[in-house]
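Reader: I would like a close look at a single part of this model. Take the charged side-chain pairs as the way in, and then show me what surrounds them. Short sentences, please.

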Amino acid sequence: MPSPRRLLSLDPYFALLILLTVFAWAPLTYPGSLQTHAGFLPVFNLYDLESHLGNPAWWPLVGRGYDLWRGEGPLPYYLAVACRWLGFGGIGAVKLVIALSIVGGAWGVYGWARPTLGRSGALLAATVYAYWPYALATILVRGTWAETVWLGLLPLALWALAAARATGKGGNLIILSLAVAALAWTQPGLAAWALVAMTAYLAMGEAGMRGRALAALAGGVLLGAVGLAPQISARDWGGPAPVEFAQHFVYPFQFFLAGWGNGLSVAGWQDTLPLSPGMAAVGLALLALILGGLRPARGTLASAAAIAAVCLSLASTLSSPLWKLWPVPARTLTFPWQLLSLAGPFLAFLAGAAFPALVAQDVGRGRARSSTLSPEGRGEGEGRLLSSGRPSKEEFVADWEESEGGGDTSFRTALHAGLVALVVLASYTYLQPRYTTLEPGRAPIAILGDNQVMLLDVRLEGPLRAGEKVALAVHWQALKPIDRDYTIFVHALDEAGERWGQEDTQPQGGKYPMTRWLVGEIVEDRYEVSIRADGPAAGYHLILGLYDWQTGARLRVGDTDHVVVRE
């Protein structure tokens, strides 16, 4: 029987899916770079990888500490290197990988959901996933690049899992193993949680070729471990948690907030970081469960609902006692709300089920539903990633009705268009990225403190001569919240290190102290230094740095405490 499952299908709905997701990836076509919490770190780490190609132990450490579980894996950067070989610049390569992740994630949801929900329901599910607020915040606010790629890979892995379980074919099993390994090479901590969820999903669903699928999962874990072995051998498992995990649970009411902000996750409930799973996604998912359509597929829907509910619960304050009883799993996450990324595909799947459930209500309960989604029909056509052909009319209720003349076609078309439009419009306020047109170099000039502040560029204005006034035009970028109002110093020194001029000042003349800087924000500043006329005629250089005005302690810059600026 022909199968609807093909990763490289020529399904015409793929073109429609790209069009429907255009508002999610269109901001990436703006000139310049996204201004996110991560700043230019993805670009700088990409250039660093290009300088270390061939080193299997490479890890993205520019501006970051090493942490195998919580940190970013190397796979997204290798994908960007491939884009660089196609002629893209650093920023362009990063944005292209993000765009491919958005489209790939939506396509994965579509392929995974299509045998159960049909083309129209799967298309709705894919649209929900593309405009899911948490994913948009990951891309446009947090800028966590590896997690963005991980969000694109997870639905493809779920699609491969369903295919492997349904057919047990060698090609599908290999794809599943590669998908699991790719998750591990992208974000190892989240990959561990994904493995648990995929195993649970496999156990709750139909038996099929479950044993082979489990073996493929195990093979993916082994392959992922082999790929990470050089990093573990070179650097061990990483350091302590960067934040207090227990202070960042989501309060239940935060799941229902529709606001949007660009802030960080803070201890307690006053986050300005968006943590809502989205009103459209939750509303449609609840509608599908309440209507209870697609009776033969209720087991699949129940499994998706259970996994999504568990993930949301573990991210919330409701599960705080459980984490206290067994804190070991927290070692794999920076924040408990990162489990929202795991809930996303399952929530989108449920949301997509709202369309066939509503159609079933229109047609009338019980009409041919038991035959259209019989276990025999779904089992044979469920998972052929490598097959070709047109989907069978057993796929799902609405597709059967369209082919056989049942139901009101105009109603279904209007309903589907309305639901898709609802999802897109509900996310409109989220699609407001911050941008910068600053072009970074291949590496920051310096990183000060414990990865606190980056000096992006320095431009010297004027000659370094006795009796002259010179200026430094700089761009800073904060990588972490800054808890002290550091003072900037610029000193003019001769070759012997004697000081002949200096300027100590707060940022922008005291108008914008560092404690007000937002993480990822680019701050432009300018400092002027007058070199004394009674000094040597030439041979000067400037040193630039930061110090605590209360103690005089300077922030470290690698092995020193300042940046040297010469003509």
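Author: Start with a cut-off. A residue is buried under 20% relative accessible area and exposed over 50%; in between it counts as partly exposed. The model is predicted, so side-chain atom pairs count only at pLDDT 80 or more.

Now apply the cut-off. Arg 526 has a relative accessibility of 44%, so this residue counts as partly exposed. Its partner is Glu 528. The two form a salt bridge, with the closest N and O atoms 2.8 Å apart. Glu 528 has a relative accessible area of 38%, so Glu 528 is partly exposed too. The pair does not stand alone. Salt bridges with shared partners tie Arg 459, Glu 461, Lys 469, Arg 526 and Glu 528 into one network.

What lies behind such pairs? Side chains of opposite charge can pair when their charged atoms come close. The structure holds 14 salt bridges.

Next, Glu 50. Which residues does Glu 50 meet in salt bridges? One is Arg 84, with the closest N and O atoms 2.8 Å apart. That bridge links distant parts of the chain: Glu 50 sits in helix α3, Arg 84 in helix α4, and 34 residues separate them. Glu 50 is partly exposed at a relative accessible area of 21%. Arg 84, at 21% relative accessibility, counts as partly exposed as well. Both values lie just inside the partly exposed range, because that range begins where buried ends, at 20%.

The other partner is Arg 442, whose side chain meets that of Glu 50 at 3.2 Å, N to O. This pair also links distant parts of the chain. Arg 442 lies in the loop between β2 (435–436) and β3 (446–448), 392 residues from Glu 50 in helix α3. Arg 442 has 44% relative accessibility and counts as partly exposed.

Now the two helices that Glu 50 and Arg 84 belong to. Two packed helices are described by the angle between their axes and the distance between the axes. Helix α3 covers residues 41–51, and helix α4 covers residues 75–85. Their axes come within 10 Å and cross at roughly 75°. An angle from 65 to 115 degrees counts as roughly perpendicular, and α3 and α4 therefore fall into that class. From α3, the contact uses Pro 42, Asn 45, Leu 46, Tyr 47, Leu 49 and Glu 50. From α4, Tyr 77, Tyr 78, Ala 80, Val 81 and Arg 84 take part. By class, that gives eight nonpolar, one polar and two charged residues. Glu 50 and Arg 84 appear in this contact, and they are also salt-bridge partners.

For contrast, take two other helix pairs. Helix α9 (residues 188–204) packs with helix α10 (residues 210–235) at an angle of about 175°, with the axes 11 Å apart. The two are therefore roughly antiparallel. On the α9 side, the contact has Pro 188, Leu 195, Met 198, Thr 199, Leu 202 and Ala 203. On the α10 side, Arg 210, Ala 213, Leu 214, Leu 217, Val 221 and Leu 228 meet them. The classes here are 10 nonpolar, one polar and one charged.

The axes of α5 and helix α19 (residues 409–426) come within 9 Å and cross at roughly 10°. That makes the two roughly parallel. Ser 120, Leu 123, Leu 124, Thr 127 and Val 128 of α5 meet His 416, Leu 419, Val 420, Val 423 and Val 424 of α19. This contact has seven nonpolar residues, three polar and no charged.

Helix α5 has a further role in the picture. Along with β1 (33–34), α7 (145–167) and α14 (340–352), α5 (90–130) is among the elements that cover the buried residues of α6. Helix α6 spans residues 133–142, and 10 of its 10 residues are buried. Arg 142 is one of them, as are Tyr 134 and Thr 138. Gly 143 follows α6 and has a positive phi, near 70°.

Last, the whole chain. It has 19 helices and 10 strands. Of its 567 residues, 57% are buried. Among contacts with a separation of 6 or more, 77% are between residues 24 or more positions apart. The accessible surface comes to about 22,700 Å², and carbon and sulfur atoms account for 61% of that surface.

Definitions and conventions
Residues numbered from 1 in each chain as written. Heavy atoms only, no water. Helix = DSSP H or I, 4+ residues; strand = E, 2+ residues; numbered from the N terminus. Buried < 20%, exposed > 50% of the residue type's maximum accessible area, 1.4 Å probe, protein only. Contact = heavy atoms within 4.5 Å. Areas by Shrake-Rupley, 256 points an atom, 1.4 Å probe, with all protein chains shown as cover. Axes fitted to C-alpha atoms, helices over the stretch in contact; angles between N-to-C directions. Parallel < 35°, antiparallel > 145°, perpendicular 65-115°, else oblique. Nonpolar A, V, L, I, M, F, W, Y, C, P; charged D, E, K, R; others polar. Salt bridge = Lys/Arg side-chain N within 4 Å of Asp/Glu carboxyl O.
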